[in-house]
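Please go through the sequence and the model with the text below. The order is from the chain as a whole to its sheets, and then to a pocket.

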Amino acid sequence: MASLIRHVTFDCADPYKLASFWAEVFGTTLHPEDQPGDGEVGLVGSDLLFIQVPESKAVKNRVHVDLQPQDRTRDEEVERLLTLGATLFADHRNPDGTGWAVLLDPEGNEFCVERSLAEREQS
């Protein structure tokens with residue numbers, strides 16, 4: 001075996017706040033030892049890690065996550081994520097139900113929401 005992914009890391013200004021957003025997205029919690037003000041915060045049951053850096057995001061992400069809802073439609077998930085603090089950045093949803101939505105997390109990192117498996121099977 002050559003390598004495996006240990007973490008997917010988000011550089012950010014406030015690791016605790018951003019990790020809290022993503023914990024809500026994935027329905028998990030922060031590691032119990034992580035506290036507000038920590039420079040590094042992780043999620044329970046996830047390979048996501050949030051690290052404090054001094055500079056803010058300046059350009060488009062080179063890597064991003066694509067989410068596939070498990071128990072709701074794509075549009076229902078987009079609405080849920082907007083309620084949690086995400087922002088709609090680019091809407092690539094089509095009238096026939098195909099496509100995806102690009103959202104920004106509270107620190108401006110892009111991520112996509114695709115159709116659920118049930119929606120894909122209907123096409």
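The paragraphs that follow describe the chain, its two groups of paired strands and the pocket in turn.

This is a predicted model. The chain has 123 residues, of which 34% are buried. Its C-alpha atoms fill a box of roughly 45 × 35 × 30 Å along the principal axes. The secondary structure comprises 3 helices and 7 strands, and along the sequence these elements follow the pattern β-α-β-β-β-α-β-β-β-α. Among contacts in the chain with a separation of 6 or more, 51% are between residues 24 or more positions apart.

We begin with the sheet that contains β1. It is an open sheet of 3 strands in the order β1-β3-β2, with mixed pairing. Its edge strands are β1 and β2, the latter covering residues 40–42, and each of them pairs on one side only. From one strand to the next, the twist averages 20°. Helix α1, residues 15–26, packs on this sheet and touches β1, β2 and β3. The direction of α1 makes about 160° with that of β3. Within the sheet, β2 and β3 (residues 48–52) are antiparallel and pair over 3 bridges. One point to locate in this pairing is Glu40, whose bridge partner in β3 is Ile51.

The other sheet to consider contains β7. Here 4 strands form an open sheet in the order β4-β7-β6-β5, and the pairing is again mixed. Which strands stand at the edges? They are β4 (66–67) and β5 (87–91); each has a single partner strand, so one side of each is left without a neighbour in the sheet. Helix α2, residues 74–84, packs on this sheet, where it touches β4, β5, β6 and β7. The direction of α2 makes about 145° with that of β7.

The pairings can be followed across the sheet from one edge to the other. β4 pairs with β7 in the parallel sense over 2 bridges, and Leu67 has Val113 as its bridge partner in β7. Next, β6 and β7 are antiparallel and pair over 4 bridges. Two of the residue pairs to look for are Val102 with Cys112 and Ala101 with Val113. Val113 is thus listed as a bridge partner of Leu67 and also of Ala101. Lastly, β5 and β6 (residues 101–104) run antiparallel and are joined by 4 bridges. In this pairing Thr87 stands opposite Leu104.

The side chains of β6 and β7 can be sorted by direction. In β6, Ala101 and Leu103 point one way while Val102 and Leu104 point the other way, and all of these are buried. In β7, Glu110 and Cys112 point one way while Phe111 and Val113 point the other way, and again all are buried.

β6 and β7 form a hairpin with 5 residues between the strands, in which Gly108 takes a positive phi near 90°. Asn109 is also placed in the loop between β6 and β7. Is Asn109 buried or exposed? Its relative accessibility is 9%, and because residues under 20% count as buried, Asn109 is classed as buried. Leaving aside residues up to four places away in sequence, Asn109 touches Phe10, Leu18, Lys57, Asn61, Leu103 and Leu104.

Several of these names return in the largest pocket. Rolling a probe the size of a water molecule over the atoms shows where empty space is left. The largest pocket has a volume of about 520 Å³. Its lining consists of 24 residues, and those nearest its centre are Phe10, Asp11, Lys57, Asn61 and Asn109. The elements that give two or more residues to this lining are β1 (8–12) and β7 (110–113). Of the elements, β1 gives the most, with 5 residues. By residue class, the lining divides into 12 nonpolar, 5 polar and 7 charged residues.

The pocket also links back to the sheets. β1 is an edge strand of the sheet on which it was described above, and β7 belongs to the sheet with the order β4-β7-β6-β5. Both strands contribute two or more residues to the pocket lining. Asn109, from the loop between β6 and β7, is among the residues nearest the pocket centre, and its contacts include Phe10, Lys57 and Asn61, which are also among the residues nearest that centre.

Conventions. Residues are numbered from 1 along each chain as its sequence is written. This is a predicted model: local features need pLDDT of at least 70, side-chain atom pairs count only at pLDDT 80 or more; totals for chains, interfaces and linings use all residues. Side-chain values use heavy atoms; hydrogens and water are left out. On a 1 Å grid over the protein atoms alone, a cavity is a set of points where a 1.4 Å probe fits but cannot get out, and a pocket is an open set with protein on both sides within 12 Å along at least five of seven lines; lining residues have an atom within 4 Å of a point. Grid points are joined across faces, edges and corners, and a volume is the space filled by probe spheres set on the points. Ala, Val, Leu, Ile, Met, Phe, Trp, Tyr, Cys and Pro count as nonpolar, Asp, Glu, Lys and Arg as charged, and the others, Gly among them, as polar. Two strands pair if DSSP finds at least two bridges between them. Axes are lines fitted to C-alpha atoms, for helices over the stretch in contact, and angles run from 0 to 180 degrees between N-to-C directions. Contact means heavy atoms within 4.5 Å. Buried means under 20% relative accessible area, exposed over 50%, partly exposed in between (1.4 Å probe, protein chains only).
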